[in-house]
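User: I would like to learn how to read helix faces, enclosed spaces and unusual backbone angles in a model. Could you take me through them one at a time?

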Amino acid sequence: MDKNIFCVAPFINLSTTNKGKVRLCCQSKTLDGLHVNKNSLDEIWHGKEYQRVREQFLNNEWPDECVTCKRNEDKNIPSRRDFENKKWIDIAQEPYPTSAMDFPWEVDLRLGNLCNLKCVMCTPDNSNTWYDEFEHFSHLRLFKKDENVRWPVHSSFLDNYQEWVSKVKILYFSGGEPLLIKKHRQIIEFLIEKDLAKNIILWYDTNGTYIDQEWIDMWACFEEVNLSLSIDGSKAVNEYIRHPINHDSLLEKYKLLSTSPSNIKATLQMAVGALNIFEIEYVREYARLFNFNNNLNISIVHWPEFMSLDALPQSILDQVTSMYKNDHSDRIRNMIINLKHNPLKLKELKDYLEKIDQLRNLEHKKCFEYLYRD
């Protein structure tokens, strides 16, 4: 019997990219021709593209937009589909809904590329601080300074948030860095002022650097706030990967969160690749130290391809396999299966880091000396 692949996301969720294009969730491909500044909410939610995907899932078919989840599940790696179905468990079970909710219960807003960091695995589409460097790198050659990432600044969809935000159960904010976005703050203040916050759950992807007591006091007004805090290792590694972050200052933000109201829940988010595979236990220790929720959430670096795990020398891959073969995390155990060294990727990674060092006055060999072992 075929595996049941129903996903609840297209029945309850509307998501944007940081250019304002529309997608089913944060990991799906975009839906053809749809943009929140060109299409009304009704046109998007009840239109033919969303309906097509809903029918495909009801027929137990993978939509083309959902290739990321399919790829992960083919490798027995937990997927976004799994996450969404667990989050909406009351809906994501038979008999499945045959039509969408009248209005999306969850709205996922990627609010452009305004950010204060330029992480080594990032792009100018996701961080404007990359604008002064991206033209030096061949893997970023197709990117450009794109005005579409400023969609929140001149967005009828966001300008009219007072008309729809009270109907939402969950608001998901990402960026760029959402705590830098003025429109995001306006929405939060409006929900508090109108006494709507108590019925709304917030989710964030944030680098954590702008968290302060004022934000914590505002978040205390909401039903629940879930913070996914990006971090990629201990001090030296994290400061290299997430330049120009101050790691000690970041830990002070974590300390502040550790004493925040109980409705605010934090989880550390780590993108694991060739540059931080040996940092997992350090990040797990931070989660324990600051009593963060669910210990640690792992994602896997697939792009740039030269930062993936198979860029590592084979001797290091063998060491990694030995270290994590009995790890309690399914995702970590599965990501190390059948790893084989790709020498071209290693060369590209070394060349990339050399250029990063020149541009940022850094020394990658102090952090990643294992890249040079035979």
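Analyst: Let us begin with what surrounds a helix, keeping in mind that this is a predicted model. What covers the buried residues of α11 includes α9 (213-219), β7 (224-230), α10 (235-241), β8 (264-272) and α12 (280-289).

User: Which residues of α11 are buried, and why do they line one face of the helix?

Analyst: A residue counts as buried when its relative accessible area is under 20%, and in α11 this applies to His247, Leu250, Leu251, Lys253, Tyr254 and Leu257. Seen down the axis of α11, these buried residues fall within an arc of 150 degrees, so they line one face of the helix. As for its length, α11 (residues 247-258) has twelve residues and spans 17 Å from its first C-alpha to its last, which is close to the 16 Å expected at 1.5 Å a residue.

User: How does the reading go for α3, and what do its buried residues pack against?

Analyst: In α3 (residues 48-58), the buried residues are Glu49, Tyr50, Val53, Arg54, Gln56 and Phe57. They fall within an arc of 160 degrees seen down the axis of α3, so they line one face of that helix. The buried residues of α3 pack against α1 (9-12), β1 (13-16), β2 (21-23), β3 (30-35) and α2 (41-45).

User: Which residues of α4 are buried, and what do they pack against?

Analyst: In α4 (residues 67-74), Thr68, Cys69, Asn72 and Glu73 are buried. Their arc around the axis is only 125 degrees, which puts them on the same side of α4. The buried residues of α4 pack against α5 (80-87) and α14 (330-335).

User: Turning to enclosed spaces, how many cavities of 30 Å³ or more does a search of the whole structure find, and which residues lie nearest the centre of the largest cavity?

Analyst: The search finds three cavities of 30 Å³ or more, and the largest cavity holds about 90 Å³ of space. Of the 13 residues that line the largest cavity, Cys7, Cys25, Phe57, Cys66 and Cys69 lie nearest its centre. The elements that give two or more residues to this lining are α1 and α5, and by class the lining divides into nine nonpolar, two polar and two charged residues. Two of the names have already come up, since Phe57 is among the buried residues of α3 and Cys69 is among those of α4.

User: What is the volume of the second largest pocket, and which classes of residue make up its lining?

Analyst: About 390 Å³ of space lies in the second largest pocket. Lys75, His302, Met335, Ile337 and Leu339 are the closest to its centre of the 16 residues that line it, and the lining has seven nonpolar, four polar and five charged residues.

User: Finally, which peptide bonds are cis, and where is a positive phi found?

Analyst: Most residues other than glycine have a negative phi, and most peptide bonds are trans. Here the bond from His243 to Pro244 is cis, with omega near 0 degrees, and Pro244 is in the loop between α10 and α11. The bond from Trp303 to Pro304 is also cis, with omega near -5 degrees, and Pro304 lies in the loop between β9 (296-300) and α13 (314-324). Asn60, in the loop between α3 and α4, has a positive phi near 60 degrees and counts as partly exposed at 29% relative accessibility. Asn338, in the loop between α14 and α15 (343-360), has a positive phi of about 55 degrees and counts as exposed at 75% relative accessibility.

Terms used: Residues are numbered from 1 along each chain as its sequence is written. This is a predicted model: local features need pLDDT of at least 70, side-chain atom pairs count only at pLDDT 80 or more; totals for chains, interfaces and linings use all residues. Side-chain values use heavy atoms; hydrogens and water are left out. Buried means under 20% relative accessible area, exposed over 50%, partly exposed in between (1.4 Å probe, protein chains only). Helices (H or I, at least four residues) and strands (E, at least two) are DSSP runs, numbered from the N terminus. The arc is that of the directions from the helix axis to the C-beta atoms. Contact means heavy atoms within 4.5 Å. On a 1 Å grid over the protein atoms alone, a cavity is a set of points where a 1.4 Å probe fits but cannot get out, and a pocket is an open set with protein on both sides within 12 Å along at least five of seven lines; lining residues have an atom within 4 Å of a point. Grid points are joined across faces, edges and corners, and a volume is the space filled by probe spheres set on the points. Ala, Val, Leu, Ile, Met, Phe, Trp, Tyr, Cys and Pro count as nonpolar, Asp, Glu, Lys and Arg as charged, and the others, Gly among them, as polar. The expected span of a helix is 1.5 Å times one less than its number of residues.
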